[in-house]
Amino acid sequence: MTISLTELEAVVREAGTIALAHFKDLKHLAINKKAPRDFVTAADVAVEAFLKEALSKLYPQFGFWGEESGQSANQLARWVVDPIDGTHSFSKGQYFWAISVALEIEHELIAGAVYAPALNDYYTAKKGEGAFKNGEPITVSLEDDLGDAMIATGFACLRAYLDDNNLERFNRIAQKTTGQRRFGSAALDVCLVADGQVDAYWEQELNLYDIAGGVVVAREAGATVTDFKGNEGVYPKQILVTNGKVLDQLLPLM
Ligand code: 2AM
Ligand code: CA
């Protein structure tokens with residue numbers, strides 16, 4: 001049971017066209033709050049509705065789990081979708097947001113697509129077949145010295161009002177690295193590790209749909225995907241993605 005990345009790309013790019021139409025007309029975009037400091041726009045809802053319909057038509061055997069509409073049909077073989085990851089950035093007219101789609105079969109992520117329409121970057125991968133950005137193969141960076149590294153993180157956890165809110169961890173790690181970035185889209189952050197633009201990325205308190213598409217791309221590009229203790233696997237509440245070469249230096253700081 002497999003899928004065609006080319007067919008998937010046609011669907012995801014069409015979803016991108018829908019998102020871009022809203023992005024170019026932000027003045028008229030309806031923005032609501034799901035919870036305090038948690039936004040949803042009419043674009044999120046429209047993009048997810050399109051993806052759900054188009055993917056179900058193309059691959060009726062797979063169920064669906066989207067950030068906005070929840071779970072439906074087969075959950076053992078399903079699409080895991082974030083229609084717009086980085087909604088706050090999107091609603092401000094910033095460019096770092098992405099559509100993320102992953103195919104998960106029996107708890108294993110086997111294909112992914114992350115499309116950042118405003119940046120015109122399309123990342124995709126299928127398990128065992130390599131990772132691609134705009135049709136070209138990509139790999140993680142060669143950086144092996146944490147002191148020279150560029151690291152990304154995010155602060156989704158601040159919305160959860162946790163005691164462990166990432167600020168102490170950020171403080172610790174920022175002083176041991178050269179560059180820190182906070183882009184605002186977990187899906188893209190993971191792909192930036194895959195593409196060697198950053199050497200590592202971590203975040204807490206995410207959901208699977210934020211990172212699922214990117215994880216397939218990152219793994220196929222040679223990245224490690226672990227929790228903060230270095231256990232291999234996809235842990236959305238504690239995700240650490242690295243180029244593999246700075247992992248051992250980062251773990252004691254996590
Ligand atoms: P979103 O834009 O799809 O909501 C940025 O740090 C990351 O946090 C983004 O991937 C963003 O996804 C996610 N995020 C936003 N609000 C959140 C919340 N209330 N809980 C968890 N993650 C959130
Ligand atoms: Ca998200």
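This briefing looks at helix α6 and the calcium ion (ligand 2) in a predicted model. Local features need pLDDT of at least 70 and side-chain atom pairs count only at pLDDT 80 or more, while totals for chains, interfaces and linings use all residues. Residues are numbered from 1 along each chain as its sequence is written, chains are lettered from A and ligands numbered from 1 in the order written, and side-chain values use heavy atoms, with hydrogens and water left out.

**Helix α6**
- α6 covers residues 208-220, and its end C-alpha atoms are 18 Å apart, which agrees with the 18 Å expected for 13 residues at 1.5 Å a residue (1.5 Å times one less than the number of residues).
- Helices are DSSP runs of H or I with at least four residues, strands are runs of E with at least two, and both are numbered from the N terminus.
- At G214 the helix α6 bends by about 35 degrees, taken between axes fitted to the seven residues ending there and the seven starting there.
- Eleven of the 13 residues of α6 are buried, meaning under 20% relative accessible area with a 1.4 Å probe and protein chains only; among them are Y209, D210 and G214.

**The calcium ion (ligand 2)**
- Its protein donors are E67 (OE), D82 (OD), D85 (OD) and D210 (OD), at 1.9 to 3.0 Å; donors are N, O and S atoms within 3.2 Å for Na, K and Ca, or 2.8 Å for other metals, and sites may look incomplete as water is not among the atoms.
- D82 lies in strand β5 (residues 77-85) and D210 in helix α6, so this pair ties together parts 128 residues apart in sequence.
- Both D82 and D210 are buried.

Definitions and conventions. Buried < 20%, exposed > 50% of the residue type's maximum accessible area, 1.4 Å probe, protein only.
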